[in-house]
Amino acid sequence: MRSIVRVGLLGLGMAMLLAGCGDGAEKSNDKQDSKGPLTVAVVNYPLAYFAERIGGDQVEVVFPTPADEDPAFWSPSLETIARYQQADLILLNGASYAKWVPKATLPRRKLVDTSGAFADRFITIEHVVTHAHGPGGDHAHAGTAFTTWLDFSQAILQADAIREALVGLRPEQETLFQEGFAALEKELLDLDRELVAIGKHMDGQPLLASHPVYQYLARRYGLNVHSVMWEPESVPSASQWHEVAQIQVEHPARWMIWEGTPAEESAHRLEGMGVSSLVFAPCMNRPENGDFLSVMLANVAALEALCR
Amino acid sequence: MKDVLYLAWRYLASHRVLTSVLVFAITLILFLPVGLRVLVKQSERELTTRATATPLVLGEKGSPLELALNTLYFAADTPPTMPYAEFERVADSGLALVVPLHTRFRVRNQPIVGTSIDYFDLRGLTLAEGRQLAVLGDCVLGASAARKLAAGVGDHVVSSPENVFDIAGIYPLKMPVVGVLKRSHGPDDDAVFVDLKSAWVIEGLGHGHQDLSRPEAASGVLKREGDTVIANASVLQYNEITPDNSDSFHFHGDLGDFPIQAVIATPHDERASALLQGRYLGDDERIQVIRPLEVMTELLDTILTVQTYVVTAVVVIGLATLSTGVLVIVLSLRLRKREIETMIKIGGSRGRVVAVLTTEIVTVLGLGVLLAAGLTGMTAAFGPALIRILILS
Amino acid sequence: MTRNAAAIRIQNLDFRYRDGAFRLRVPEMQVAAGETLAVIGPSGTGKTTLLNLLAGVVLPDQGSIHVTGAEVTALAENARRAHRIRRIGLVFQEFELISYLDVTDNVLLPYRIDPELKLNAEARARAAELIDQVGLDDKARRRVTQLSQGERQRVAIARALVTGAEVILADEPTGNLDPDNKAKVLDILFAQVRSRGVTLIAVTHDHGLLDRFDRVVSFDGQEVGL
């Protein structure tokens, strides 16, 4: 009898249910939810400055463009792109700034287009190369002026977009961010007010610009600017001098605005043409000395000198 | 115990055909309803898990099931496209995290999924080797795709033309494999992931070519009119995006008009979900918003209905088979009456004899149970793949 | 012949089938240890019934049966069974081997169907010896279905002796054999019982074999006397 029971148990002890392999998918290794500083990656120095002013010690700004590169045309390495991908926030200037961004894969949810609020007021650059091929017909590579922060009312909007994004990630720090923004806004408003006054005083006086980066400055503050394609450190060619001479016929400027300190020869020759030089640095990259505010104050002071 | 097993085994071994038939019948009786139940449970899990992780999907108005299947499983039949501007519209609304999907193309039999890097976080996909997508042209392979395409980090894959006579200009794009994902036991394992813009390049909406202003491209220039350069068809277009030529790649037209197949939206909360769905309720809306879980649940209900009928039929057949099996055993015992009587007569213990006979029956049952369990296990293991083949093909 | 102690003793045996159609009465019967006894008589006279009673397969309505010192009629069913498998070997006309077992397994069958008998090395050695003695050592692992009828009966004889039986009850042991095999099987049976001092009671219809036995009992009615 015992043997029957034993045999029965042995036979009936088979388990029917075998679980499936189960779902072995591994879950995302999302960044640990840490209360350390937010990593904020930016594409130019003005955004870095705004983020630092607004975020304070709640942010760690990542601005990997080398100091001697133009952030608008710089191409990051793959490792640098990975740094951008891993940031908590990626601040874009908008207006087609940073030519590398459209060709890179960045997480949409982390992107902040700081100039989205005034995208309908971007300035389109004329005289770009168009071409046609195939059945599609003509199409142009549209150019958009991208130094949006030189219109300080726009700079305030960009700073506000940064504030909003930071509050979205750290709502408990809203007061801190608001305070940082308020202080920055006041300074930007002061700059804006001064330049409005300068613009009024200039009253449409013709100006030359060494490079087409002052479109928003000109529009906002009523400056009558005609741009050429010169570099501060390079002496213009004969054709470039000739171009300026031609421009002067219809546009008799007495000042040329430079992005940086011009070559002595360039400045001297311009003087000979009755054109003085002044520097209004767009400050796209981190300055050697000072910061965004000190550079802009110096810019405003340089323009102010025209009014005396 | 040993002796009982020995005698039982000797009997079963010497009657292989009878034993096999009985084991087979028991296996079927047990496996069919259980295996079916496991398969249906797998179906339920397969169809609902992924759907649950995909709260809302936006797509061009049409079949919700087709949209759901294409979004969740990259099914071959591509639903109509919608403009990329719709994705931007939802993204800008701030109501949800959004991920675009472009699923038109393939690398051989593996779907090319043009998407954003957020997709990987949405699905919890992590890298087994290599790196994430970084620049235009990069591709990251799912674990199975890497195996089927025999490609790994450092290799290249080429997008397949849609048809043999694809002379209209959708050029195959050669893409470097920069990463391979860990196995996720889902449809993502079969995919070739690219940035959405790379998918548009494959579609011919973006391209790179020689700089027409340079002397080397002179033969490609038809004429120049001021700042406008008109090129002829001989201008060299690149079929691979490299660090050297990536700057030349550009898109013509408004990106907002470019096609995508679907947008996956994860609303921030219920209110956001309601608001988002509310936007697309109008009859004149070109866009539909579906909840994949609802669509898949409907599909499941159909499967479950079928299951009920099948299980009923299987149970009835099973009972008949079981009755036949019992009859076979009873008749077999009757035929062995003399053998049993002999054992008793020469002094064998009745209990022992019964134990031997019981062991024979239990062994047959046990083998049937074991086989059924094995088949059930295999069903559980291969169920998801089978479901995908059955439902999605 | 020297009469040893009685291996079998029957007293006042009265057995009736349930329907009352058949009745066997044995007032007195003794078989000495080592004696060979032939039981003859017409069909239906109770010869096989006697063997069943001696084996303890059935119990009489009255009387006592002693086999190898044990009062079989006083034992419970399991004790009778145990006594039977240890002390008594049965040989049947139809051999009654297990078709799906080989020669060795058939001989060892008693060890597998009794929970108390241990199938140990000693048992295996005894089985091997018996298989050899009945002339089947070269067919020890052959299925019994592959043997001739004479060979099968030899296997049955070995099975009957493997547990050390003191009594062999044979019911028409040569009934299904041709004359050649009959003689061979009987030679082997008698050689085994004589060499081991085993008591043999064989029911037979074959009068040509009677001179081999020590004694012959004839069942010609329902009452047998010895």
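Start by selecting helix α1 (residues 47-55) of chain C, in which K47(C), L50(C), L51(C), L53(C), L54(C) and A55(C) are buried. Here a residue is buried if 20 or more other C-beta atoms lie within 10 Å of its own, exposed if 12 or fewer, and partly exposed in between, with the C-beta atoms placed from the backbone. Helices (H or I, at least four residues) and strands (E, at least two) are DSSP runs, numbered from the N terminus. Step on to G56(C), which follows α1(C) and has a positive phi, near 80°.

Before going further, note that this is a predicted model, in which local features need pLDDT of at least 70 and side-chain atom pairs count only at pLDDT 80 or more, while totals for chains, interfaces and linings use all residues. Residues are numbered from 1 along each chain as its sequence is written, and chains are lettered from A and ligands numbered from 1 in the order in which they are written.

**A helix in chain C**

Stay in chain C and select helix α6 (residues 149-161), whose 13 residues reach 19 Å from the first C-alpha to the last, close to the 18 Å expected at 1.5 Å a residue; the expected span is 1.5 Å times one less than the number of residues. Because 12 of its 13 residues are buried, α6(C) is largely enclosed by the rest of the structure. Among these buried residues are G150(C), V155(C), I157(C) and L161(C). To see what surrounds them, add β6 (88-91), α3 (103-107), α4 (109-113), α5 (121-133), β7 (167-171) and α7 (179-196) of chain C, against which the buried residues of α6(C) pack.

**Where chain B touches chain C**

Next, show chains B and C together: 16 residues of chain B are in contact with 16 residues of chain C, where two residues are in contact if their C-beta atoms, placed from the backbone, lie within 7 Å. On the chain B side, α1 (2-14), α10 (337-345) and α11 (350-392) each supply at least two residues, and α1(B) gives the most, with 6 residues. Colouring that side by residue type would separate 6 nonpolar, 5 polar and 5 charged residues; Ala, Val, Leu, Ile, Met, Phe, Trp, Tyr, Cys and Pro count as nonpolar, Asp, Glu, Lys and Arg as charged, and the others, Gly among them, as polar.

**Inside chain B**

Now hide chain C and look at chain B as a whole, with its 11 helices and 17 strands. Of its 393 residues, 41% count as buried. Among contacts in chain B with a separation of 6 or more, 76% are between residues 24 or more positions apart.

Select strand β16 (residues 262-267) of chain B, where 5 of the 6 residues are buried, so that β16(B) is largely enclosed by the rest of the structure. Strand β1 (residues 56-60) of chain B pairs with β16(B) in the antiparallel sense over 3 bridges, pairing being counted if DSSP finds at least two bridges between two strands. In this pair, L58(B) stands opposite V263(B). Strand β3 (residues 96-101) of chain B also runs antiparallel to β16(B), joined to it by 6 bridges, and there L97(B) stands opposite T266(B).

**Chain A and the cores**

Move to chain A, which has 9 helices and 12 strands, and in which buried residues make up 36% of the 308 residues. Select β9 (residues 206-209) and β10 (residues 224-227) of chain A, which pair in the parallel sense over 4 bridges, with H226(A) as the bridge partner of L208(A).

For a single residue, pick T148(A), in the loop between β8 (143-144) and α4 of chain A. T148(A) is buried, with 26 other C-beta atoms within 10 Å. Leaving out residues up to four places away in sequence, T148(A) touches N93(A), G94(A), A95(A), S115(A), Q154(A), Q158(A) and Y216(A).

Finish with the nonpolar cores, each a set of buried Ala, Val, Leu, Ile, Met, Phe, Trp, Tyr and Cys residues joined through C-beta atoms within 7 Å. In the largest, of 141 residues, V40(A), A51(A), L91(A) and V192(B) touch the most other members, and helix α4 (residues 152-169) of chain A gives the most to this core, with 8 residues. A second, separate core of 69 residues includes I10(C), L101(C), V107(C) and L108(C).
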